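Q: I'd like a close look at the pockets in this model. Could you walk me through them?

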Amino acid sequence: YQLATMFTQTDFDGIDRHLRRFESVGYPLGVVALAGGRLLGDPTLARAGGVLVVAGLLAMGTILARRLAAARVPWTPMLSRYALAVPALAVWGVLALPAWLTDPLARSTLLGPAGGHLLTVGVVGFVVLGSLYHVLPFVVWIHRYSDRLGYERVPMIDDLYDDRIASVDLGCLTLGTAGLVTGSMLGLPTGVAAGSGLLLAAGFGLVAINLGLVVARHAPQGFARELLGVALSSESRQ
């Protein structure tokens, strides 16, 4: 909800507020009911939870789609990946609901249809990668350029990464996800899954290269060691 408004520079309207109000109650209740039904072996409770989960996620997807359509800013890799997550979420919801209604306790329907690839890669994956395309350059920009703002010319946050690499990795990830999901649903030959997996690996690799170049080219000296030290100290405290 925060990122959808912040990075499209738009505000929620009446429909968005109603959908958000429904999701904020229905989705958490759905998660508890679905998990509780599966834990207790109660298909009725699990079905009710599944309906609320799908309805809540579709409500959120509708809000995100509306904010993206009303965006007042230039299109960025983050928004492009969010835009792909929206139809993936809608398709997943349409396919997951009948699967959960038919057999909500089955192991095969734990993450919905197509082995969960549509949810884990098509929805969660694109949201995470889209967020990384903003968060990491933003952190680097704050450490390297924020103190220079107003005193000299500094690059914008979206100037830190390579747009061409971002476009290629988006194509690889989109085609790889589509192939993996289609192959799982239609039972296509294993070669389709292998090719899709290679495309996904290439896409994730290009993302890593692009963001790695951001750190290598723009991060101040010791930035990577500082991040690693913070992560290690946080892990040791846990």
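How many residues line the second largest pocket, and which of them lie nearest its centre?

A: Keep in mind that this is a predicted model. The second largest pocket has a lining of 16 residues. Nearest its centre you'll find Phe7, Thr76, His134, Ile157 and Asp158. As for room, this pocket holds about 270 Å³ of space. Two helices, α4 and α5, each put at least two residues into the lining of this second largest pocket. Sorted by class, that lining comes out as 12 nonpolar, 3 polar and 1 charged residues.

Now for the largest pocket. Its volume is about 560 Å³. There are 25 residues around it, and Tyr27, Leu57, Leu89, Val123 and Val124 sit closest to the centre. If you want to trace the walls, go helix by helix: α1 (2-6), α2 (14-40), α3 (43-69), α4 (77-102) and α5 (117-144) each contribute at least two lining residues. The largest share belongs to α4, with 6 residues of the lining of the largest pocket. So what is the lining made of, by class? For the largest pocket, the count is 23 nonpolar residues, 1 polar and 1 charged.

Two of the helices in that wall, α2 and α3, also deserve a look as a pair. Their axes are 6 Å apart, and the packing angle is about 150°. Since angles over 145 degrees count that way, α2 is roughly antiparallel to α3. The crossing of α2 past α3 is left-handed. In the contact of α2 with α3, the classes split into 16 nonpolar, 8 polar and 6 charged residues.

One last stop, this time on another helix. Gly203 is part of α7, which runs over residues 190-218. Is Gly203 buried or exposed? Its relative accessible area is 0%, so Gly203 counts as buried, the cut-off being under 20%. To place it against α3, take Ala59 as a marker: Gly203 and Ala59 are 144 residues apart in sequence, and their C-alpha atoms are 29 Å apart in space.

Terms used: Residues are numbered from 1 along each chain as its sequence is written. This is a predicted model: local features need pLDDT of at least 70, side-chain atom pairs count only at pLDDT 80 or more; totals for chains, interfaces and linings use all residues. Side-chain values use heavy atoms; hydrogens and water are left out. On a 1 Å grid over the protein atoms alone, a cavity is a set of points where a 1.4 Å probe fits but cannot get out, and a pocket is an open set with protein on both sides within 12 Å along at least five of seven lines; lining residues have an atom within 4 Å of a point. Grid points are joined across faces, edges and corners, and a volume is the space filled by probe spheres set on the points. Helices (H or I, at least four residues) and strands (E, at least two) are DSSP runs, numbered from the N terminus. Ala, Val, Leu, Ile, Met, Phe, Trp, Tyr, Cys and Pro count as nonpolar, Asp, Glu, Lys and Arg as charged, and the others, Gly among them, as polar. Axes are lines fitted to C-alpha atoms, for helices over the stretch in contact, and angles run from 0 to 180 degrees between N-to-C directions. Angles under 35 degrees count as roughly parallel, over 145 as roughly antiparallel, 65 to 115 as roughly perpendicular and the rest as oblique. A crossing is left-handed if the near helix is turned anticlockwise from the far one by less than a right angle, and right-handed if clockwise. Buried means under 20% relative accessible area, exposed over 50%, partly exposed in between (1.4 Å probe, protein chains only).
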